[in-house]
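The questions below take up the chain shown here, and each is followed by a reasoned reply.

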Amino acid sequence: MNPRLLFLLLLGILVSIAYAQDEPEESLGEDQDYDSTEDDSSLIPPVSEEEAQPNDNSSSDGIDFVDPALSPETSPSDPGLSTVIPLNSIVSEATCSALSQWYKELGGTNWKTKTGWESTNMTSCCSWYNVHCSKFGQVDKINLSRNNLLGQLPDNLNNFPELIHLDMSHNEITGSIPSSINSAIKLQTIKFDYNKLSGDLPPVLGSLPSLTNVHLKNNSFTGTVPAAWGSIPTLKGLFLSNNKLKGGFPVAIQTMPSLEVLKQSSTFDNTVRNLKGNRLLGSIPESMGSITSLTSLVLSHQMLNGSIPESLYGLSNLVSLDLSRNRLTGNLSEKISGLVKLQKLTMSHNGLSGPIPPQLGSLQKLQLLTLNYNMFNGQFPPAEAPKPLGYCYMVPNQFQVCSDTNSITDVNSLAFQCAVDCASTRRANSTQTSKASGQLDIYGLVTLIAIALGLISVTLL
């Protein structure tokens, strides 16, 4: 063959190989990992996030939470609803004047509904929009939520000694909660969610002996939970998520005697503790296990580290446990079988490792399970999935193999329900090895062609 022709042929092959190497790889398709920064909440039914719901009477776990302040008997949905009082009852002029001050200082002329609030009759406030009175003419409930209130709440709550329920959520209220609230000694529920309140959480709430529910999520409160709150004897629901709380795990929460729900995505209470969306540091204290009344514990989106306290596995009343998006390490204990009422378990986006305990299969009420984006490894257990389990996210992790290869095809197994392909790691390793081998073969061919071109060049010269 003509040396010049051979030279051009080899040169063409070399260029073709180089071009092929530069082409982008095809998409991995359905097996491709999604962005680890994406919030898994998009994979969970909308009812699982309290903040995504227009009805504030449900918790972020999808567990119904009935606020007595919004019971059907006293529903504020009717714009003109108020309690009818006997004609011989006297409404305090000081009380009506205090409410009139609210109207003036919270942009009353721009309220969505303001029926009666413009009245100059300071004995008529029990007929004003969403002001409810007892049969004795005493204001016991005020609901001005979602009514376009704007400004700072006047410090005159001492004029409402019989107030039981106060709902000012979903407005544009600024400043702090007035210190005069400590005079409303019969107060049971306060709701200031979704406002622009700031400063420290008010310690004076600790002096309210009947307080059962505190809703302060989605504001800009700073600092930590006041120590005085730890002695509120009746507190059952505490919601503090999405504020700017910082520091170690609040000591006050560990001493709340009646707490049932804690959500520290922003809330602490005897029913719910929610602190999500704040920036708590340090480890979860063992003393949390002593709050045996807890039914929901949400501590997601913090900076908590260390291992999961063994005492948490003794909270047999827990229905929801969310520790996702922290820096937790260590193993998931086999003692998790003690959480017999658990319906939701979320621990994704941490550094948990070790094997998945087969005892997860014994949680017969479990409906939602997310353990993805951790470092769980070893053999995936052959356990059966709890029958109610409808949502499970277990990958990515670092599982090597299933102890029973049939489990990935058994529709009743945990591996099947969580879409765990225990052979995927081996396939990935095999693919990587083949790819590396193929790259070596191509590089070897390129080298031979380059040598041949060099020899032909010498011949032509």
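Helices (H or I, at least four residues) and strands (E, at least two) are DSSP runs, numbered from the N terminus. This is a predicted model, in which local features need pLDDT of at least 70 and side-chain atom pairs count only at pLDDT 80 or more, while totals for chains, interfaces and linings use all residues. Residues are numbered from 1 along each chain as its sequence is written, and side-chain values use heavy atoms, with hydrogens and water left out.

Q: How many helices and strands does the secondary structure of the chain come to?
A: The count rests on the DSSP runs defined above, with at least four residues for a helix and at least two for a strand. On that basis the secondary structure of the chain comes to 5 helices and 24 strands.

Q: What is the mean pLDDT of the chain?
A: pLDDT is the predictor's confidence in each residue, from 0 to 100. In this chain 67% of the residues reach 70 or more, and the mean pLDDT is 76. Over residues 19-88 the value is below 50, although this stretch has 134 contacts (heavy atoms within 4.5 Å) beyond near neighbours in sequence. The mean for the chain, to return to the value asked for, is 76.

Q: What percentage of the residues in the chain is buried?
A: A residue is buried under 20% relative accessible area, exposed over 50% and partly exposed in between, with a 1.4 Å probe and protein chains only. Of the 461 residues in the chain, the buried ones make up 47%.

Q: Which strands stand at the edges of the open sheet with the order 20-22-24?
A: Two strands pair if DSSP finds at least two bridges between them, and this open sheet of 3 strands has parallel pairing. Strand 22 (residues 375-380) pairs with strand 24 over 4 bridges, and Gly378 stands opposite Phe399 in strand 24. Each edge strand has a single partner strand, so one side of each is left without a neighbour in the sheet; the edges are strand 20 (353-354) and strand 24 (398-402).

Q: How many disulfides does a search of the whole structure find?
A: A disulfide is here a pair of cysteine sulfur atoms within 2.5 Å. Cys96 and Cys125 form one such pair, with their sulfur atoms 2.1 Å apart, and Cys392 is joined to Cys418 at 1.9 Å. With Cys126 and Cys133, whose sulfur atoms are 1.8 Å apart, the search of the whole structure finds 3 disulfides.

Q: Is the disulfide of Cys96 and Cys125 left-handed or right-handed?
A: This pair links distant parts of the chain, with Cys96 in helix 2 (residues 93-105) and Cys125 in the loop between helix 2 and strand 1 (131-133), 29 residues apart. Cys96 is buried at a relative accessible area of 0%, and Cys125 is likewise buried at 0%. The torsion about the S-S bond is about -75 degrees, so the disulfide is left-handed.

Q: How many residues apart in sequence are the parts that Cys392 and Cys418 tie together?
A: The link of Cys392 and Cys418 has 90 degrees about the S-S bond and is right-handed. Cys392 is buried at a relative accessible area of 10%, and Cys418 is buried at 1%. Cys392 lies in strand 23 (residues 391-393) and Cys418 in the loop between helix 4 (414-417) and helix 5 (424-460), so the separation of the parts in sequence is 26 residues.
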